[in-house]
Amino acid sequence: MRRVYLDNAATTYVSNEVLTEMLPIFNTTYGNPSSLHGFGRDAMAELDKARDRIAKAINCKPTEIYFTSGGTEANNWALIGLAMANRNKGNHIITSQIEHHSVLDSCKYLETQGFRVTYLPVDECGLVSIADLLHYLDQDTILVSIIGANNEIGTIQNIETIARICHEKNAIFHTDCVQALGAINLDVVGMDIDAMSISGHKVYGPKGIGALYLKSGIKINNLIHGGNQERGKRGGTNNVVGAVGMGKAVEIAVRDMSINNKKLRNMREFFISELNKRFTNFKINGHPAQKLPGLVNVSFEFIEGESILMMLDLAGIAVSTGSACSSNSLEQSHVLKAIGLPAEIGQGSIRISFGKSTTKDEVVYTLDQLEIIVKKLRDISPLTTKRSK
Amino acid sequence: MYTKKVMNIFQNPKHVGVIRGADGVGQVGNAVCGDIMKITIKVEDNKIVDAKFKTFGCVAAIASSSVACGLIIGKTLEEAKALTNKQVLEVLGEVPANKIHCSVLAEEAINLAIEDYHKKQEKLARKLEKQNKK
């Protein structure tokens, strides 16, 4: 059966260039970077090289990069570590309603620890309002965390403006840029970002590795205790293979950003123009322009997302649902809810995310299958009226 | 998460549609929760001779509807009323725990359709009574 992968926002394959750099670390440069001997020093050299590459890609010092087990750990650490370490300055945290669950659930945890958290609403495109941010920022606010680019609808926030406003009020600004990395230029100095979470496997690197950028001088409490790794800030034997893979992947992502973005944007425009030609009663979610180049979140009325996903899967095509129904929760996606999408329309949402190897032929095949599937499910649905067909 | 069996039923559902001039109609659920099930039945001599469904919902909801319709065709109204989601689940085999409610929806839709049938019959009986009095 033909297989088409259009779920690149969930994860990507490891590119050959990345894999080539990783392989010798498994069985040649396999030392523990904390060891004093030659094997250890060789591994440490590889780790340093990876750190340098990431630092260069986001314009920070290598000593400001801390490797973690992934984006989720980086987000947990940023939220909990920064809040706890700066508690003497205030008790208030601001985030948005469309964060990744690793940020939202860390905030919920912090609420149980006595912190006050404001979850900023977003407009129908998914943008955080600067007026709202200004309204809620006060003397008590120690930390603001806003997602750079949303993983469900792809909306990109005005990060620089948000950072500037936070600093005017002396709050630390953290941003989850797991999805934004490789899609927009992330210059932490130019954008005045204090802390930023990134991950390897969204940019053709391996899973299980991420990093937190933390501007030097900012206090953070440890989340993982037990060891002097990462300059005493994050215990545990370093995932050298992962770090090397991520280092190369991030380097390539930044190097090829404009080529990839152009390709992805063309793919998306083609896909949307075909949707307009072939379908009725659907809605594209997210911002019309300020969004990730390779992501389309579309709601088909009268049918349900999981059914669309599984029918596509039967045709060998991988996408994900915008609604949380498939992920063991029957509640609507918090992101689609936050942009004010009515629940009955939100139920019919799927997220399609193109990758750098996606071909036009694959997109056409997907559209053809989607046409058959949407018709089939609408024929089964009691909500479809003759007029809406 | 879904077994091959459930996926097969979902891919090739039976008894899809709406019976014109149905003797009983049962609709449950709402779009906000993500599931709507509508079952129509045709009754002759106290027996369900046909049942069809239209469903808005997930894989399990569509598969449950198909199975439930198949289970009640040929049954007496009493037998169909006694049907529970357990029998639907038995035919489906394994479903994820959070999808069991879909089989309950099917049970509820059938019960509503049968109730609707009885209501329609009572109405018809009253109408006939009135006509006879005249």
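Contact, as used in these legends, means heavy atoms within 4.5 Å. The views are drawn from a predicted model.

**Figure 1. Helix α2 of chain B lies across two strands of chain B.** Helix α2(B) comprises residues 59–72. The strands that α2(B) lies across are β2 and β3 of chain B. Relative to β3(B), the helix runs at about 175°.

**Figure 2. Chain B contains an open sheet of three strands.** The strand order is β1-β2-β3, and the pairing is antiparallel. The edges are occupied by β1 (24–30) and β3 (47–56) of chain B; each has a single partner strand, so one side of each is left without a neighbour in the sheet. On average, and with direction ignored, neighbouring strands of this sheet are turned by 15° against each other. Strand β2(B), residues 35–44, is joined to β3(B) by nine bridges, and the two run antiparallel. Within this pairing, Lys38(B) has Lys54(B) of β3(B) as its bridge partner.

**Figure 3. Chain B and chain A meet in an interface with a buried area of about 2000 Å².** Carbon and sulfur atoms give 65% of that area. Chain B contributes 25 residues to the contact and chain A contributes 24 residues. One salt bridge is found across the interface. This salt bridge is formed by Glu306(A) and Lys99(B), whose closest N and O atoms are 2.8 Å apart. Eight residue pairs in polar contact are also found across the interface, with both residues at pLDDT 80 or more. On the side of chain B that touches chain A, α1 (4–11), β2, β3 and α2 of chain B each supply at least two residues. The largest share of that side, four residues, comes from β3(B).

**Figure 4. Seven strands of chain A form an open sheet with mixed pairing.** The order of the strands is β2-β8-β7-β6-β5-β3-β4. At the edges stand β2 (65–68) and β4 (116–120) of chain A; each has a single partner strand, so one side of each is left without a neighbour in the sheet. Neighbouring strands are turned by 20° against each other on average, direction ignored. Helix α2 of chain A, residues 38–58, lies across β2, β7 (195–199) and β8 (210–214) of chain A. The direction of α2(A) is at about 115° to β2(A).

**Figure 5. Strand β5 of chain A pairs with β3(A) and with β6(A).** The pairing of β5(A) with β3(A), residues 92–96, is parallel and spans four bridges. The pairing of β5(A) with β6(A), residues 172–176, is likewise parallel and spans three bridges. Ser145(A) of β5(A) stands opposite Thr95(A), and Ser145(A) also stands opposite His174(A) in β6(A). Strand β3(A) is in turn joined to β4(A) by five bridges, running parallel. In that pairing, the bridge partner of Thr95(A) is Tyr119(A) of β4(A). Five of the five residues of β5(A) are buried, so this strand is largely enclosed by the rest of the structure.

**Figure 6. Thr141(A) is a buried residue of strand β5(A).** The strand covers residues 141–145 of chain A. Thr141(A) has a relative accessible area of 3% and is therefore buried, the cut-off being under 20%. Its side chain makes a polar contact of 2.8 Å with the side chain of His92(A). The side chain of Thr141(A) also reaches the backbone nitrogen of Asp138(A), at 2.9 Å. Leaving out residues up to four places away in sequence, Thr141(A) touches His92(A), Ile94(A), Tyr136(A), Asn170(A) and Ala171(A).

**Figure 7. Val244(A) is a buried residue of helix α8 of chain A.** Helix α8(A) comprises residues 240–255. The relative accessible area of Val244(A) is 3%, so the residue counts as buried. When neighbours within four places in sequence are left aside, Val244(A) is in contact with Glu21(A), Met22(A), Ile25(A), Glu46(A) and Ala50(A). Val244(A) and Thr175(A) are separated by 69 residues in sequence and by 23 Å in space, taken from C-alpha to C-alpha.

Notes
Residues are numbered from 1 along each chain as its sequence is written. Chains are lettered from A and ligands numbered from 1 in the order in which they are written. This is a predicted model: local features need pLDDT of at least 70, side-chain atom pairs count only at pLDDT 80 or more; totals for chains, interfaces and linings use all residues. Side-chain values use heavy atoms; hydrogens and water are left out. Buried means under 20% relative accessible area, exposed over 50%, partly exposed in between (1.4 Å probe, protein chains only). A polar contact is a pair of N or O atoms within 3.5 Å; within protein, one must be able to donate a hydrogen and the other to accept it, and residues adjacent in sequence count only if both atoms are side-chain atoms. Two strands pair if DSSP finds at least two bridges between them. Axes are lines fitted to C-alpha atoms, for helices over the stretch in contact, and angles run from 0 to 180 degrees between N-to-C directions. Buried area is the accessible area (1.4 Å probe) that two parts lose on being put together, summed over both. A salt bridge is a side-chain nitrogen of Lys or Arg within 4 Å of a carboxyl oxygen of Asp or Glu.
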